[in-house]
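Biologist: Before we look at this together, I would like to ask how each label is earned, and to have every value set against its cut-off.

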Amino acid sequence: PDFSIRRVSEEDVRAYVEQAIADPLWRGCNVTMPLKRAIVPYVSLMALSQEAMPVVNTVFRYEFGWPGAVNTDGAGFWKSFTSGLGEADSPALWGASFQIVGSGATALTIAAVLKGQGMTNLWFYCRNLEAGRANARWLDIDEARVLLPPKRAAAWSETAEATQTVETEAERDAQTQSEQTTAEEIEIAAE
């Protein structure tokens with residue numbers, strides 16, 4: 001298989017999907033923000049378990065070349081989250097408060113998974129309050145549960161970012177290249 005990286009803007013996502021369908025060698029791609037939402041109208045089949053989600057992160061060739069899509073973030077989160085839990089832990093989770101930092105596609109997906117498992121005491125801490133409120137509306141959660149992050153959390157986040165170490169030259173180069181990508185561009189790794 002040939003793996004390559006393509007940068008696709010939101011404006012070009014439809015053309016990308018049309019080109020992918022026409023290419024018999026195209027098998028699928030990973031989608032990052034902001035295309036996790038923008039690509040949804042151009043896929044023909046959504047995986048049943050994520051059918052209601054407004055975001056996807058994996059697009060693949062389905063029968064007759066039609067593009068299908070799935071969001072694997074939720075299943076990955078849930079498997080990781082529950083891997084260390086025993087049966088005795090389950091009842092305590094239903095009353096627990098879950099604090100989700102961020103308002104992007106992954107935050108929405110994780111909140112949807114938690115809510116789908118019956119855990120409804122969800123709070124969003126995000127810098128973009130309107131995006132957080134849109135997520136809350138989509139999940140039918142009270143918008144009052146969307147808050148700006150506390151100053152301590154913001155300071156911790158800045159400190160964590162500032163002290164993040166890059167161990168190898170390749171990682172440093174990848175990080176530099178990533179920082180140069182504008183908000184309008186994303187990487188799609190075509191398989």
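Biologist: What makes Glu18 and Arg14 neighbours along helix 1?

Modeller: Both lie in helix 1, which covers residues 13-22, and they are 4 residues apart, about one turn of the helix; a helix here is a DSSP run of H or I with at least four residues, a strand is a run of E with at least two, and both are numbered from the N terminus. This is a predicted model, in which local features need pLDDT of at least 70 and side-chain atom pairs count only at pLDDT 80 or more, while totals for chains, interfaces and linings use all residues. Residues are numbered from 1 along each chain as its sequence is written, and side-chain values use heavy atoms, with hydrogens and water left out.

Biologist: Why is the contact of Glu18 with Arg14 called a salt bridge?

Modeller: A salt bridge needs a side-chain nitrogen of Lys or Arg within 4 Å of a carboxyl oxygen of Asp or Glu, and the closest N and O atoms of Glu18 and Arg14 are 3.1 Å apart, so the pair meets the definition. The structure holds 4 salt bridges.

Biologist: Which parts of the chain does the salt bridge of Lys36 and Asp73 link?

Modeller: Their side chains meet at 2.9 Å, N to O, and the pair links distant parts of the chain, with Lys36 in helix 2 (residues 35-38) and Asp73 in helix 3, 37 residues apart.

Biologist: How do you know whether Asp73 is buried or exposed?

Modeller: Buried means under 20% relative accessible area, exposed means over 50%, and partly exposed lies in between, with a 1.4 Å probe and protein chains only. Asp73 has 19% relative accessibility and therefore counts as buried, and Lys36, with a relative accessible area of 9%, is buried, whereas Glu18 at 46% is partly exposed.

Biologist: Why is the pair of Phe77 and Phe81 called stacked?

Modeller: Rings of Phe, Tyr and Trp (its six-membered ring) pair if their centres lie within 6.5 Å, and planes under 30 degrees apart count as stacked, over 60 as edge-to-face and the rest as tilted. The centres of Phe77 and Phe81 are 5.4 Å apart and their planes stand at 20°, so the pair is stacked.

Biologist: What makes the pair of Trp78 and Phe81 tilted?

Modeller: Their ring centres are 5.7 Å apart and their planes are at 40°, so the pair is tilted. Ring pairs link Phe77, Trp78, Phe81 and Phe98 into a cluster.
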